[in-house]
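I set out to record, entry by entry, what I looked up in this structure. The notes are meant for a reader who has not seen it before.

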Amino acid sequence: MDSSRSLECVLSMQGGEDDVSYAKNSYGPAAALASSKPMLTSAINSIKLTEGGSSHIIKIADLGCAVGDNTFSTVDTVVEVLRRRLTVIDGKSDQPELEFEVFFSDLPSNDFNTLFRSFEEKVNGSSHKYFAAGVPGSFYGRLFPKGELHVVVTTSALQWLSQIPEKVMEKGSKTWNKGRAWIQGAEGEVVEAYAEQSDKDLVQFLKCRKEEIVEGGVLFMLMGGRPSGLVSQVSDHDSSLRHLFTIFMDQAWQDLVDEGLIEEEKRDGFNIPVYLRSTEEIAAAIDGCGGFKIEKMEVLKIADPMNAKQQELKDPETYGRAMSTSVQAGLKPMVEAYLGPDLTRKLFKQYAVRAAANREFLKENSFYYMIAVSATRV
């Protein structure tokens, strides 16, 4: 996992529809989508389509689409708002019927089979609201011809980087992230390396979308982030205790080392390619790229979905397993590619044990931040 190419092969949400699948455990992204829906609706309502394509064929792309109800919920919102708005504007009896083409895009490792099987079940027996196609590939590169897209949405995806920063993979250096799977609490040099990679990635993402979106089109981004002025990736005491990528994950990896199942160097070589950008970092990337005007940027405070489990799962062991299941939905494919299936099962079992041992989780609520950005292609 030390290159973008190898990471593309393993970085995906857990596929399928079983208990640890992303489709069954995407409560957090669902909560963020619900909070951002008014902003998304407003952005679509203000769209100004002046160039590119047929006015009766609207092209929409969902980048980093993953799989599950959230994917369809986002696209349904865009299509419904656009249909209402453009029908009012262009609704003449002699005009051709308005049609929508939706591109679901994610890395080739994404479970497109489950995605499109769900799509067929969704539209079975009813008229298609839109035509659908899959586009495999990294959104840090070009995915579509120039000036073809009217709306691009990406939700809960841009916090994932294109690769682990090369500096972080240099064993023994100041940027070697020893003893941690993520950067919360890491040395400043490690965080700086991630920040540099994050800036490079976001600028590259924006440059590609600048080519693909028509003038007047909309780019809507919803990503894990942090409010203005915060240096730490996780801002408050409760959230830092409960953040899915921090304490328990590191403890579970250390358990594998202590039991002699892996060497320390193996543990230290695993890094989660996530960076939570600040509002300043996002604004600077958009300004530096050019081609987009920020219409609105909003920091959303999202209640951790596990808060609701406190009353439902009062037994610590059951709660710990629920925590582990939630983490596996986002990390299992990458961990399994690194450790293999047997050690991966052991790791997440230990994660559940560690989570169950911390009774504070059953008493304190927590939250996390998402940043929503709507921008117009100018």
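**Entry 1: a buried glutamate**

I began with E212, which counts as buried at 0% relative accessibility. The model I am reading is a predicted one. I located E212 in helix α5. I then asked which residues E212 is in contact with, leaving aside its neighbours within four places in sequence. They are G141, R142, L143, F144, P145, K146, G147, E148 and L149.

One of these contacts I followed further. E212 forms a salt bridge with R142, and the closest N and O atoms are 3.4 Å apart. The pair joins distant parts of the chain: R142 sits in the loop between β3 (131-136) and β4, 70 residues from E212 in helix α5. I checked the cover of the partner as well, and R142 is partly exposed, with a relative accessible area of 39%. For E212 the value of 0% is under the 20% cut-off, and therefore the residue is called buried.

**Entry 2: the other salt bridges**

I noted the general background that side chains of opposite charge can pair when their charged atoms come close. How many salt bridges does the count give? The count comes to 15.

I looked up K167 next. K167 forms a salt bridge with E196, the closest N and O atoms being 3.2 Å apart. K167 lies in the loop between β4 and α5 and E196 lies in helix α5, so the pair ties together parts that are 29 residues apart in sequence. Regarding cover, K167 is partly exposed at a relative accessible area of 39%, and E196 is partly exposed, also with 39%.

I then turned to D255 and R354, which form a salt bridge with their closest N and O atoms 2.7 Å apart. D255 belongs to helix α7 (residues 247-258) and R354 to helix α12 (residues 341-357), so this pair ties together parts that are 99 residues apart in sequence. D255 counts as buried at 8% relative accessibility, whereas R354 is partly exposed at 31%.

I also recorded a network of salt bridges that links K178, E264, R267 and D268.

**Entry 3: helix α12**

Having met α12 through R354, I examined the helix itself. It has 17 residues and reaches 25 Å from its first C-alpha to its last, close to the 24 Å expected at 1.5 Å a residue. Which residues of α12 are buried? I listed T344, L347, F348, Q350, Y351, A352, A355 and A356. I kept in mind that an α-helix has 3.6 residues a turn, so residues three or four places apart point the same way. The cover over the buried residues of α12 includes α7 and α11 (316-339).

**Entry 4: strand β4 and its partners**

I went back to β4, the strand that follows the loop holding R142. Strand β4 spans residues 149-155 and is mostly covered, with seven of its seven residues buried. I asked which strands pair with β4. Strand β1 (residues 57-63) pairs with β4 in the parallel sense over three bridges, and there D62 stands opposite V153 in β4. Strand β5 (residues 213-226) also pairs with β4 in the parallel sense, over six bridges. In that pairing T155 stands opposite L222 in β5. I traced the path between these two strands: from β4 the chain crosses through helix α5 (residues 188-212) to β5, and this β-α-β crossover is right-handed.

**Entry 5: a buried isoleucine**

I chose I286, which is found in helix α9 (residues 279-289). Is I286 buried or exposed? I286 is buried, with a relative accessible area of 3%. Leaving aside its neighbours within four places in sequence, I286 is in contact with L206, M221, F292, I294 and V373. I looked at one of these, L206, more closely: I286 and L206 are 80 residues apart in sequence and 7.1 Å apart in space, C-alpha to C-alpha.

**Entry 6: the protein as a whole**

I closed with the overall figures. The protein has twelve helices and eight strands. Of its 378 residues, 55% count as buried. Among contacts with a separation of 6 or more, residues 24 or more positions apart account for 84%. The accessible surface of the protein comes to about 16300 Å², and 49% of it belongs to carbon and sulfur atoms.

Terms used. Residues are numbered from 1 along each chain as its sequence is written. Side-chain values use heavy atoms; hydrogens and water are left out. Buried means under 20% relative accessible area, exposed over 50%, partly exposed in between (1.4 Å probe, protein chains only). Helices (H or I, at least four residues) and strands (E, at least two) are DSSP runs, numbered from the N terminus. Two strands pair if DSSP finds at least two bridges between them. A crossover is right-handed if, with the strands pointing away from the viewer, the path from the first strand over the helix to the second runs clockwise. Contact means heavy atoms within 4.5 Å. A salt bridge is a side-chain nitrogen of Lys or Arg within 4 Å of a carboxyl oxygen of Asp or Glu. Accessible areas come from the Shrake-Rupley method with a 1.4 Å probe; for residues, only the protein chains shown count as cover. The expected span of a helix is 1.5 Å times one less than its number of residues.
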